[in-house]
Amino acid sequence: MSNKPHVIIYTDGACKGNPGPGGWGAVLKSGAHEKHLHGGERLTTNNRMEISAVIFALRALKQRSSVELWTDSQYVQKGVTEWLEGWKNRGWKTAAKEPVKNADLWQELDGLLPDHEISWHWVRGHNGHPGNELADQLANKGAEEYLP
């Protein structure tokens, strides 16, 4: 049993057009504490916002933690659990020898991973899961702040 704080994180990304104005949202829960984060960019993609949500959530942790991270993005979940090591071993190239999309964000996320014990979970989006629905609302709020 870890003596690290246990944190449950829900993340989501949103884009109004793809590319277009986008936002990310994250819900962090630890014991009785809950923190909501959101942000966005004027011109981005949904996948960039999905990764950004995880980056900002992990950056918000004040100490090494045991994290349950829930995302509705198979791109993020599989990216970390299945593809990341291969990308790094191939010099940030895919198996097809193409440059990894969003490599800047993947590299930033990769740098944050050793600081925490993270278990990755996928949840179907827009399916009534309370944590995911709240992260989705925060992501949409972030995107709306960048609408023209």
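A residue is taken as exposed when its relative accessible area is over 50%, as buried when that area is under 20%, and as partly exposed in between. These classes are applied below to a predicted model of a protein of 148 residues.

The secondary structure consists of four helices and five strands, which follow one another along the sequence in the pattern β-β-β-α-β-α-α-β-α. The radius of gyration is 15 Å, and because a compact globule of 148 residues would have a value near 15 Å, the protein agrees with that expectation. Along the principal axes, the C-alpha atoms fill a box of roughly 45 × 45 × 25 Å. Buried residues account for 47% of the 148. Of the contacts between residues at least 6 apart in sequence, 67% join residues at least 24 apart. The accessible surface amounts to about 7,800 Å², and carbon and sulfur atoms contribute 50% of this area. The side chains include 17 positive and 18 negative ones, with the centres of the two sets 3 Å apart.

The pattern of the protein opens with three strands. Strand β1 (residues 6-15) pairs with β2 in the antiparallel sense over eight bridges; Thr11 has Ala26 in β2 as its bridge partner. Strand β2 (residues 20-30) pairs in turn with strand β3 (residues 33-44), again in the antiparallel sense, over 10 bridges. Here Gly25 stands opposite His38 of β3. Strand β2 thus pairs with β1 and with β3, and nine of the 11 residues of β2 are buried. In a regular strand, side chains alternate between the two faces of the sheet.

Both connections are hairpins. Four residues separate β1 from β2, and Gly17 in this turn has a positive phi of about 95°. The loop between β1 and β2 also holds Pro19, and the peptide bond from Asn18 to Pro19 is cis, with omega near 15°. The hairpin of β2 and β3 has two residues between the strands, and Gly31 takes a positive phi near 60° there.

Most peptide bonds are trans, and most residues other than glycine have a negative phi. Positive phi values nevertheless occur in two loops further along the chain, at Asn102 and at His126. Asn102, with phi near 65°, is placed in the loop between α2 (74-89) and α3 (103-112). This residue is buried because its relative accessible area is 15%, below the 20% cut-off. His126, with phi of about 55°, lies in the loop between β5 (117-122) and α4 (130-144). In contrast to Asn102, which is buried, His126 is exposed because its relative accessible area is 59%, over the 50% cut-off.

Helix α3 follows the loop that holds Asn102. The buried residues of α3 are Ala103, Leu105, Trp106, Leu109, Asp110 and Leu112. An α-helix has 3.6 residues a turn, so residues three or four places apart point the same way. The cover over the buried residues of α3 includes helices α1 (46-60) and α2.

Definitions and conventions
Residues numbered from 1 in each chain as written. Predicted model: local features only at pLDDT ≥ 70, side-chain atom pairs only at ≥ 80, totals over all residues. Heavy atoms only, no water. Rg over C-alpha atoms; globule rule 2.2 N^0.38 Å. Buried < 20%, exposed > 50% of the residue type's maximum accessible area, 1.4 Å probe, protein only. Contact = heavy atoms within 4.5 Å. Areas by Shrake-Rupley, 256 points an atom, 1.4 Å probe, with all protein chains shown as cover. Lys, Arg positive; Asp, Glu negative; His and termini not counted. Charge placed at Lys NZ, Arg CZ, Asp CG, Glu CD. Pairing = 2+ DSSP bridges.
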